[in-house]
Amino acid sequence: MSLKFTIVKKLDGTLGRAGSIQTPHGTIETPAFITVGTKATVKSLNSDQIKEIGIQCVLANTYHLYLQPGDELVKRAGGLNKFMSWKGPTMTDSGGFQVFSLGVAFGKGITKMTKGKELLLPEARPDDEGLPKLVTIDHDGVMFRSHLDGSAHYFTPERSMEIQHNLGADIIFAFDECTSPTESIHYQSEALDRTHRWAKKSLERHLELSKQNSEQSLKGGLQAPALFGIVQGGRHENLRKESAQFLADLKVNGVGFDGFGIGGSFEKEDMGSAVRWANEILPEDKPRHLLGIGEPEDLFQGVENGVDTFDCVAPTRNGRTGTVYTVTGKKHIGNAEFIDKFAAIDPDCGCYTCKNYTCAYINHLFRGKEMLAGTLASIHNLYFVTHLVSGMRKAILEGNFVRYKEDFFNTYKRLS
RNA sequence: GCGGAAGUAGCUCAACUGGUUAGAGCACUCGCCUGUCACGUGAGAGGUUGCGGGUUCAAGUCCCGUCUUCCGCG
């Protein structure tokens, strides 16, 4: 496999560690925050801006790129890196999250992270009646109805691997079923069996394709990616542990996964323990990615519990919709208090936005619905989160992680 | 000066022949967003219906007066 993971230093008394992941397109120093670029673009930013922020890696999406412009086209373009003109490491998600986001979550306001356990009660679940259904799950795969034009597309683990190999990211993920936090333990268990069955099929097909790829790469084709298996199991300790063990042990012709993703949806307070259950079992010498997690408090929890990389839409989506991160918490930059605040979002921030623009100006851009608004806020938010996590790495290496965390939460308050 | 039309939320406009608590869009205020269906979305505040009389059980709506604006004619 084309990936090498090295642990440089561990965080005493926890599962945390600082290390590096070497990929064909460069090294990711971990812990690291990875930026989401679903459709081969970090929304509103170009490659130079992504690089200047200090972003190490971009994660794109299989389902979206398969629908548009098509994985074959991306392959013809020379792969994801060339297509989007990004020289650093890349990942692609398998489409497993869309089983959830376009499935049971579609149009119902259910999110990956629930707040308040009442949502987990069956009687609080929204009714299915009259709502559009874009996903049908069966034993072998998932039928998606395109959110773009309604056309039907059947995804299997094998198909997801083929698409991801065409896209050509450095790290790809097994096709899984991301379940809703509102599902019963019975359903979670059933879904987990599916995810495990699909994990094996993903690995098998991946190895076949890798063999073909390596023959092609001698002739100048794309290098074979590394494959991460995904741990599921919802909020349940036994399922999480079972899943971690299954994936850790899974081998095809003596070859296992190159790393692991931890997926699923959580009740806010349960996330840390769900991650710990998995990471206590997953092999220490393989990298672990926590899928779709990204608020500052969650990132600290993830790192302490042994997560190496994260991806999350929060910095970019929040930025585009007017919420910015500051050392005292999140703020709505479009609010009236910023109309005439002629100072940077954070005077001590080193990002391009804070070095060049005032709150008043960004407030004006949001009120005027100017495109630059989302760009400037995204730059700031990505810088904030990226450097928060790289700061954790530095703190682990220097042995002052606890103080780093305390200093952060001394001023940072959650909005809600 | 004469004739006509129109005055309803900050703005643009609704409200069948009089009939509950005068609505909507935008703007405004405040939320929300965690492997992107997303430059998305929810809620709230905001009106003595130009002003003054009258008819009626009941008036944004009908009548009279008055003010303002627009159009046409002098």
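Helix α8 (residues 237-249) lies across β12 and β13 (259-262) in this predicted model, and its direction runs at about 155° to that of β12. A second helix, α6 (residues 157-167), also packs on the sheet. Helix α6 touches β5 (58-61), β6 (90-93), β11 (171-173) and β12 (226-231), and makes an angle of about 160° with β11.

The sheet beneath these helices is a closed barrel. Eight strands make up the barrel, in the order β4-β5-β6-β11-β12-β13-β15-β16, and their pairing is parallel. On average, neighbouring strands here are turned by 30° against each other, direction ignored. One of the pairs joins β15 (residues 288-290) to β16 (residues 309-312), again in the parallel sense, over two bridges. Within that pair, H289 has T309 of β16 as its bridge partner.

Then there is the other sheet, which is open and has three strands in the order β1-β2-β3. Here the pairing is antiparallel. Strands β1 (4-10) and β3 (26-30) sit at the edges, each pairing on one side only. The average turn between neighbouring strands of this open sheet comes to 15°, direction ignored. Strand β1 pairs with β2 (residues 17-23) over six bridges in the antiparallel sense, and K4 finds its bridge partner in Q22 of β2. As for what holds such pairs together in general, strands of a sheet pair through backbone hydrogen bonds, either parallel or antiparallel.

On to the packing of nonpolar side chains. The largest nonpolar core counts 93 residues, and F144 and F257 are those with the most contacts inside it. Helix α14 (residues 371-398) supplies the largest share of this core, namely 13 residues. The core also spans the domain assignment: at least three of its residues come from each of domain 1 (4-312) and domain 2 (323-411). Leaving aside residues up to four places away in sequence, the contacts of F144 include the aromatic residues Y63, F155 and F175, along with L102, L134, V99 and V135. F144 also touches G95, Q98, S151, A152 and H153. Separate from all this is a second core of 15 residues, with L3, I21, I28 and I230 among them. More broadly, nonpolar side chains tend to be buried together in soluble globular proteins.

A few backbone details are worth a look, starting with the cis peptides. T30 and P31 are joined by a cis peptide bond with omega at about 0°, and P31 is placed in the loop between β3 and β4 (32-36). Another cis bond leads from Q68 to P69, this time with omega near 15°. P69 belongs to the loop between α2 (62-67) and α3 (71-76).

Positive phi values turn up at residues other than glycine, too. A40 has phi near 60° and sits in the loop between β4 and α1 (47-53). S85 has a positive phi of about 55° without being a glycine, and its place is the loop between α4 (80-84) and β6. Are these two residues buried or exposed? A40 counts as buried because its relative accessible area is 12%, under the 20% cut-off. S85, with a relative accessible area of 45%, is partly exposed, because that value falls between the 20% and 50% limits.

Notes: Residues numbered from 1 in each chain as written. Chains lettered and ligands numbered in written order. Predicted model: local features only at pLDDT ≥ 70, side-chain atom pairs only at ≥ 80, totals over all residues. Heavy atoms only, no water. Pairing = 2+ DSSP bridges. Helix = DSSP H or I, 4+ residues; strand = E, 2+ residues; numbered from the N terminus. Axes fitted to C-alpha atoms, helices over the stretch in contact; angles between N-to-C directions. Contact = heavy atoms within 4.5 Å. Core = buried A, V, L, I, M, F, W, Y, C linked by side-chain atoms within 4.5 Å. Buried < 20%, exposed > 50% of the residue type's maximum accessible area, 1.4 Å probe, protein only. Domains from an automatic or database assignment.
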